[in-house]
Amino acid sequence: MQTWSLVSICVLLAIIARWGVSLNSYSGAGKPPMFGDYEAQRHWQEVTYNLPIQEWYFNTTNNDLNYWGLDYPPLTAYHSWICAYIAKTINPEWVELHKSRGYESTQHKLFMRMTVLVADLLIYIPAVVLYCLYLTDGSSKKKVSIMFCFLLYPGLILIDYGHFQYNGVSLGFALWGILALGLGWDVLGSMAFSLALNYKQMELYHALPFFCYLLGKCIKTGLIGRGLFLLVRIGVTVLATFALCWLPFLAEPSQAMQVVRRIFPVARGLFEDKVANTWCSLNTLIKIKSILSGDSHFTLCFLFSVPQCHFKVNSSLAFFLFSFQVHEKSILLAALPACLLLNDLPLMALWFLQASTFSMLPLFLKDGLLVPYIVTSLGFLFFSIYLLSALDHCSEDKLRLGAYNKLFYWLPKMDLFYISIAAMVGLSIATAVLIPPPHLPDLFPVLVSTTAFLHFLGTFIHFNVVQFSEPPSRKSQKKSN
Amino acid sequence: MAADSCSWFPALAVGVSLLKCFFISAYRSTDFEVHRNWLAITHSLPVSRWYYENTSEWTLDYPPLFAWFELGLSQVARRFDANMLQVENLNYASPATVLFQRLSVIVTDVVFIYAARECCRCVREPKGSRDVLSRPSFVLAVLLLWNFGLLVVDHIHFQYNGFLFGFLLLSVAKHLQSQHLQGALLFAFLLNLKHIYLYVAPAYGVYLLRSYCFAQDNKDGSVRWSSFSPLRLLALGAIVTSVCALSFGPFIAMGQLPQVLSRLFPFKRGLCHAYWAPNIWALYNVLDKSLAVLGVRLKLLEEAELPPASMTGGLVQEFEHSVLPSVTPAVTLVCTLLSILPAVASIWLRPHGAQGFLRCLLLCALGCFMFGWHVHEKAILIAILPLSILAVESREDAGIFLILTTTGHYSLFPLLFTPAELPIKVVLMLMFTIFSFTALRKLHSAQGSLLHPLEVIYLLGLVAVAIACEVVFPLSPWQQRLPFLPLLVTSVYCAMGVCYAFLRLYASLLLRREEKPKQL
């Protein structure tokens with residue numbers, strides 16, 4: 001069969017999976033007074049449509065920042081404005097100032113879900129298709145298999161189409177950036193990534209690798225002459241993109257500062273809820289929160305995160321594991337680069353991706369997304385193992401441990417994989433079905449996040465080993481990843 | 001790719017089963033309540049009350065074997081939510097109930113999966129190692145397992161057709177493998193599960209009589225009367241009788257047979273279902289209505305003489321036509337019998353073995369669909385699924401398949417009328433259509449193109465009709481005045497395609513070159 005028909009069928013299947021998930025509930029459904037992320041997005045549409053731009057990020061009588069105040073950069077706000085404009089033409093009640101708070105109806109849900117699908121179709125899905133077709137090696141069937149598994153990654157589907165968010169936009173832009181860099185279009189790549197940054201500030205997780213790669217490329221081409229010219233072009237592009245996005249807020253410095261204050265809320269604590277990162281996990285052993293003060297939290301995180309300059313997965317994982325104020329959804333930022341590794345390290349990539357979905361289980365249970373979680377996870381695991389023959393890739397050279405082989409040869413890798421899957425399944429069932437003992441009400445979420453953390457740490461170490469054990473010629477290729 | 005020779009079938013089966021799970025929260029039609037009601041009736045009431053119970057308007061109108069099946073399901077249902085088994089709990093749909101019912105359809109589909117596997121085994125593989133995606137058995141597996149019509153009718157609208165079609169396809173597969181007694185047994189079961197399969201009973205009856213009871217043929221293919229085997233006839237009779245006894249026995253013993261039959265064959269309903277199936281009567285109705293309107297315009301008829309526009313009201317009731325003669329159930333029966341007579345005669349006079357039987361089965365199914373009384377548009381699946389088997393082996397059949405399937409599947413669109421399901425039905429239809437066109441074209445690429453240009457234009461016209469009905473019409477001013485218009489247009493347009501496929505299938509049967517009749 002021709003590639004185009006296989007690609008279209010896979011994309012259509014991916015759309016069905018997404019829409020199938022979106023038939024279920026969303027975060028905060030029927031839970032006044034605050035509801036959830038769905039209401040937050042709807043509220044942003046209300047705010048951006050009805051209020052002048054200068055009031056979007058400020059606390060005014062018309063804009064109560066305590067009720068889901070805008071805390072993403074301006075591009076999210078413009079996107080909300082576009083959605084609100086369309087909403088207004090269909091049913092003005094959806095975005096009426098103040099009166100539409102907590103508005104819920106089947107048509108409105110359909111509209112909101114549509115906005116996510118449209119954004120995905122325009123930005124994320126084309127990026128994935130093009131990346132897999134042009135920047136992956138192998139036969140066309142292999143490329144289509146990778147693309148299919150990439151599109152089936154459950155974490156993103158469940159968060160965007162279940163919980164309700166627009167991660168597809170920011171991750172999509174980041175992927176366009178990676179795609180452009182891979183094809184050698186550095187200026188376009190930096191523009192795409194700047195757009196990603198201006199959509200969600202969490203893309204900073206990916207900023208360091210982009211920066212290091214581009215800087216390295218400029219230095220390599222020679223700092224005098226072409227390299228400098230490239231650097232200048234990139235710099236101008238980035239500045240221009242930022243300027244364009246922040247234009248309405250640059251009129252007054254106070255405007256810009258307020259936006260920055262909203263998108264980097266350092267006043268909040270070290271972590272919120274139960275997150276699979278180091279601080280949360282350590283907190284179970286030592287009460288870190290109580291020992292260190294707020295400022296020192298921040299410095300500690302920064303110190304741990306800086307060394308990881310090159311490998312995107314390592315970088316984003318490092319940020320996730322050691323960062324400040326991390327939400328469990330931020331694992332998606334590490335998941336995107338992991339998807340890119342489905343071709344080279346299928347077993348580790350799929351193991352990590354499954355663990356990342358598992359780590360968000362308490363969130364899915366809260367949103368009533370248990371059935372989609374089970375179906376998408378089973379589908380992803382099954383098809384990744386079947387199409388990518390991932391289980392065959394557990395020999396030492398396939399895992400690319402290289403010189404560090406001797407350190408890890410004793411590790412029973414396939415057994416570990418099966419045990420870990422069994423553990424995830426077991427904990428999933430337990431969290432969904434069992435009631436925790438009264439003196440340990442958060443037992444299951446903590447168990448889930450600790451298990452996930454161990455997986456992430458293991459993956460982190462493995463990917464670091466792979467990166468540092470590679471011969472130099474491959475390393476320069478890999479820097480683009 | 002990892003796919004080796006045998007593992008692609010389980011992968012397809014697992015994939016489609018997971019896909020079905022995505023529709024658990026989707027729209028459910030009244031058929032959901034119908035089956036919940038039947039679970040309740042069979043579980044809570046004694047057998048003597050099953051066919052008399054009418055607390056709910058959805059009375060039991062399938063044969064007794066299906067009632068026993070529902071009884072079996074109700075034992076499992078108890079563990080999900082016992083409240084669904086109370087007859088008084090009309091329209092009860094707790095999350096556990098929905099989950100149970102949806103899962104029951106997905107799980108019972110295992111019969112269909114097994115049958116599809118058997119059918120794939122019957123397909124001739126061309127010599128030489130081929131890429132998995134181009135093998136006829138792979139294409140057939142996808143056409144059967146991922147059939148758009150089954151997915152939409154069973155897993156969204158809600159029915160148990162997958163389970164039932166499993167029996168039909170398994171029976172066909174057994175006949176293709178020359179295991180006729182098993183095939184007959186399976187068909188007997190099927191008839192007692194859902195009597196709509198009476199549509200294809202003539203094909204079975206004549207084929208088994210001609211090709212199984214008469215053990216040998218003369219050299220020229222005509223009947224060798226001396227080879228009649230009473231033993232074989234007796235075996236068939238015993239099988240059918242015992243299955244019917246198992247199913248109807250208790251009710252005959254209680255003297256309830258007339259009541260059961262009246263439930264099974266409710267002729268009080270109208271000529272057409274609320275949504276017109278794309279058959280001859282849809283065209284007949286439209287012709288009648290057009291002539292009436294024309295007659296009034298040309299002052300040949302008085303408007304007051306015409307019966308009220310009950311046909312286009314979408315209600316199920318008896319009515320009369322205005323200009324053309326009215327159609328009664330007897331008329332439809334005669335038309336149906338006439339339409340299938342040539343096909344049935346053909347396998348009597350010139351049997352072509354199991355392949356000929358399959359073709360005759362198709363024509364019986366289509367004939368009954370075209371001319372039957374109160375036909376559901378879902379019945380088109382009885383023709384589409386067996387045709388898939390022929391489509392992967394013959395180029396001509398592949399062309400007919402593409403037309404019949406695309407129009408037949410599109411005619412199912414009105415079943416899912418909710419906005420949330422619009423993306424699902426469009427995307428699923430696109431997926432199936434893209435696959436069927438590209439795979440069949442690749443399969444028969446050596447023999448020329450599958451479709452005539454006019455046929456292609458007709459199918460493209462279907463896209464225009466779809467856009468008009470789903471997108472343009474709801475936003476137009478006619479939405480209020482003529483709400484039935486998109487259904488009418490859909491039925492009529494699809495009816496043309498179905499009629500055309502019917503005629504072409506007939507032509508291919510009757511004009512087929514003489515083959516050496518097979519020995520059994």
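This is a short tutorial dialogue about charged side chains and the chain A–chain B interface in a predicted model.

Trainee: Let's start with charges. What is the general idea behind a salt bridge, and how many does the structure hold over all chains?

Mentor: Side chains of opposite charge can pair when their charged atoms come close. Over all chains, the structure holds 15 salt bridges.

Trainee: Which residue meets Asp120(A) in a salt bridge?

Mentor: Its partner is Arg18(A), at 3.1 Å from N to O. Asp120(A) lies in helix H4 of chain A and Arg18(A) in helix H1 of chain A, so the pair ties together parts 102 residues apart in sequence. Asp120(A) counts as buried at 2% relative accessibility, and Arg18(A) counts as buried at 1%.

Trainee: Where do Glu39(A) and Arg42(A) sit?

Mentor: Both are in helix H2 (residues 37–50) of chain A, 3 residues apart, which means about one helical turn separates them. They form a salt bridge whose closest N and O atoms are 3.0 Å apart. Glu39(A) is buried, with a relative accessible area of 2%, and Arg42(A) is buried at 0%.

Trainee: Is Glu470(B), the partner of Lys425(B), buried or partly exposed?

Mentor: Glu470(B) is partly exposed, with a relative accessible area of 24%, whereas Lys425(B) counts as buried at 2%. The closest N and O atoms of this salt bridge are 3.3 Å apart.

Trainee: Now a charged residue without a partner. What is the nearest side chain of opposite charge to Arg102(B)?

Mentor: That is Glu421(B), 7.0 Å away; Arg102(B) is buried yet has no salt bridge. A salt bridge needs the nitrogen and oxygen within 4 Å. Still, a polar atom of the Arg102(B) side chain lies 3.3 Å from the backbone oxygen of Ile24(B). Arg102(B) is found in helix H4 (residues 95–108) of chain B, and its contacts beyond four places in sequence include Phe23(B), Tyr27(B) and Asp154(B).

Trainee: And the interface? How many residues of each chain are in contact?

Mentor: There, 31 residues of chain A are in contact with 35 residues of chain B. About 2800 Å² is buried between the two chains, with carbon and sulfur atoms giving 83%. Met1(A), Ile16(A) and Tyr386(A) supply 26% of the area that chain A buries against chain B, more than any other three residues.

Trainee: Which side chains meet in a salt bridge between the two chains?

Mentor: Lys141(A) and Asp131(B) do, at 3.0 Å from N to O, and the count between these chains is 1 salt bridge. The rule also finds 5 residue pairs in polar contact across the interface.

How values were computed: Residues numbered from 1 in each chain as written. Chains lettered and ligands numbered in written order. Predicted model: local features only at pLDDT ≥ 70, side-chain atom pairs only at ≥ 80, totals over all residues. Heavy atoms only, no water. Helix = DSSP H or I, 4+ residues; strand = E, 2+ residues; numbered from the N terminus. Buried < 20%, exposed > 50% of the residue type's maximum accessible area, 1.4 Å probe, protein only. Lys, Arg positive; Asp, Glu negative; His and termini not counted. Polar contact = N/O pair within 3.5 Å; in protein donor to acceptor, adjacent residues only side chain to side chain. Contact = heavy atoms within 4.5 Å. Buried area = accessible area lost by both parts, 1.4 Å probe.
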